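I opened this notebook page to record what I looked up, taking the aromatic pairs, then the pocket, then a single residue.

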Amino acid sequence: MPQKYVEKVSSLAQIRNLPTAAGIGVFGSALVINHDGLTRTVSAEPKTAIYVDPDGAVKTLAAAFALVTATRKNIYMFPGEYVETAQLKWPSISGVNVQGLDGSGNVVISGPLTVPTLTVNPTCATTFEMFLQNVVLEHTAQVGLEIDNELSPTKKLIIHLNGVGFSQVSSGNSIHVTHTGAAAIRIYAKNCNEIEGLVLFHGTNVDDRVRFYDSVLMGGVTIAEAVAMEFTLHGCIVLAGGLAAMHGTVVQTISGCVYRTDAGVYTELANAYSA
């Protein structure tokens with residue numbers, strides 16, 4: 001597992017004195033980050049944002065989820081390995097944002113082996129959106145991210161993934177969309193490096209969408225249902241043969257992608273453009 005290289009600091013001056021290492025800390029009323037000498041404010045609302053730190057007051061993502069309210073939706077996770085003791089269930093409040101404070105794979109989340117690492121199945125009265133950024137979901141003989149609309153079968157679910165990795169320790173789908181309800185489910189993913197297990201999407205609605213940009217999908221993608229839903233890949237690396245189970249009815253757009261074997265052999269993945 002990668003080692004943490006981020007250092008928590010207590011003053012802006014201390015951050016500026018870290019010319020090469022990254023620094024993260026609270027200065028005044030803001031959370032600030034220094035990387036390669038550049039200082040950036042992440043949040044100026046420490047009273048509403050939730051900070052997760054293995055050495056802090058909120059030590060797990062489950063504990064952070066328990067603090068989420070309609071006016072408190074931003075969760076920032078310091079680098080560390082977060083071994084959750086129970087299945088993680090995403091809050092039913094739309095707009096919750098979980099962001100790792102390190103984009104190098106050093107925010108790692110795992111959980112009990114008998115259930116998915118993270119489940120999204122909200123109870124909502126309107127369209128639901130969630131945002132997950134800069135974390136790694138580790139899964140061992142289990143699903144990494146399970147998505148379903150069983151509890152809100154008539155409401156659209158929109159899943160935003162940015163810089164999310166999936167570490168498949170042995171087996172199990174990295175992303176599994178069960179799709180019990182009839183309403184559309186949409187996945188918008190970018191910079192996901194890498195997704196080691198299969199992405200399995202049970203499509204049921206022509207308004208379903210799966211879009212991956214600049215991502216590595218080394219488990220492939222399967223949409224086996226005869227539904228004219230949208231599937232888009234742009235600038236991606238895909239397991240050789242990893243789209244073989246895609247149903248011909250699915251409306252595919254593929255641009256600037258390649259196949260790769262586990263041994264690192266690259267071959268062409270032909271462009272395809274939907275009508």
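Entry on aromatic pairs. I am working from a predicted model, and my search for paired aromatic rings returned 2 pairs in the structure. I looked up the one formed by Y51 and Y76, which is stacked, with 5.8 Å from centre to centre and 25 degrees between the planes. I then placed the two residues in their strands: Y51 belongs to β5 (residues 50-52) and Y76 to β6 (residues 74-77), so this pair ties together parts that are 25 residues apart in sequence. When I checked accessibility, I found both Y51 and Y76 to be buried.

Entry on the largest pocket. I noted a volume of about 300 Å³ for the largest pocket, and I listed 21 residues in its lining, with G105, V136, G165, N193 and E194 lying nearest the centre. Asking which strands supply at least two lining residues each, I found β10 (107-110), β13 (136-139) and β16 (165-168), and β16 gives the most, with 3 residues. Sorted by class, the lining comprises 10 polar, 7 nonpolar and 4 charged residues.

Entry on A272. I located A272 in the segment that follows β27 (266-268). Is A272 buried, partly exposed or exposed? I recorded a relative accessibility of 25%, and because buried requires a value under 20% and exposed one over 50%, A272 counts as partly exposed. Setting aside neighbours within four places in sequence, I found A272 in contact with Q252, T253 and I254. I also noted the C-alpha to C-alpha distance from A272 to G256, which is 9.8 Å, the two residues being 16 apart in sequence.

Methods:
Residues are numbered from 1 along each chain as its sequence is written. This is a predicted model: local features need pLDDT of at least 70, side-chain atom pairs count only at pLDDT 80 or more; totals for chains, interfaces and linings use all residues. Side-chain values use heavy atoms; hydrogens and water are left out. Rings of Phe, Tyr and Trp (its six-membered ring) pair if their centres lie within 6.5 Å; planes under 30 degrees apart count as stacked, over 60 as edge-to-face and the rest as tilted. Helices (H or I, at least four residues) and strands (E, at least two) are DSSP runs, numbered from the N terminus. Buried means under 20% relative accessible area, exposed over 50%, partly exposed in between (1.4 Å probe, protein chains only). On a 1 Å grid over the protein atoms alone, a cavity is a set of points where a 1.4 Å probe fits but cannot get out, and a pocket is an open set with protein on both sides within 12 Å along at least five of seven lines; lining residues have an atom within 4 Å of a point. Grid points are joined across faces, edges and corners, and a volume is the space filled by probe spheres set on the points. Ala, Val, Leu, Ile, Met, Phe, Trp, Tyr, Cys and Pro count as nonpolar, Asp, Glu, Lys and Arg as charged, and the others, Gly among them, as polar. Contact means heavy atoms within 4.5 Å.
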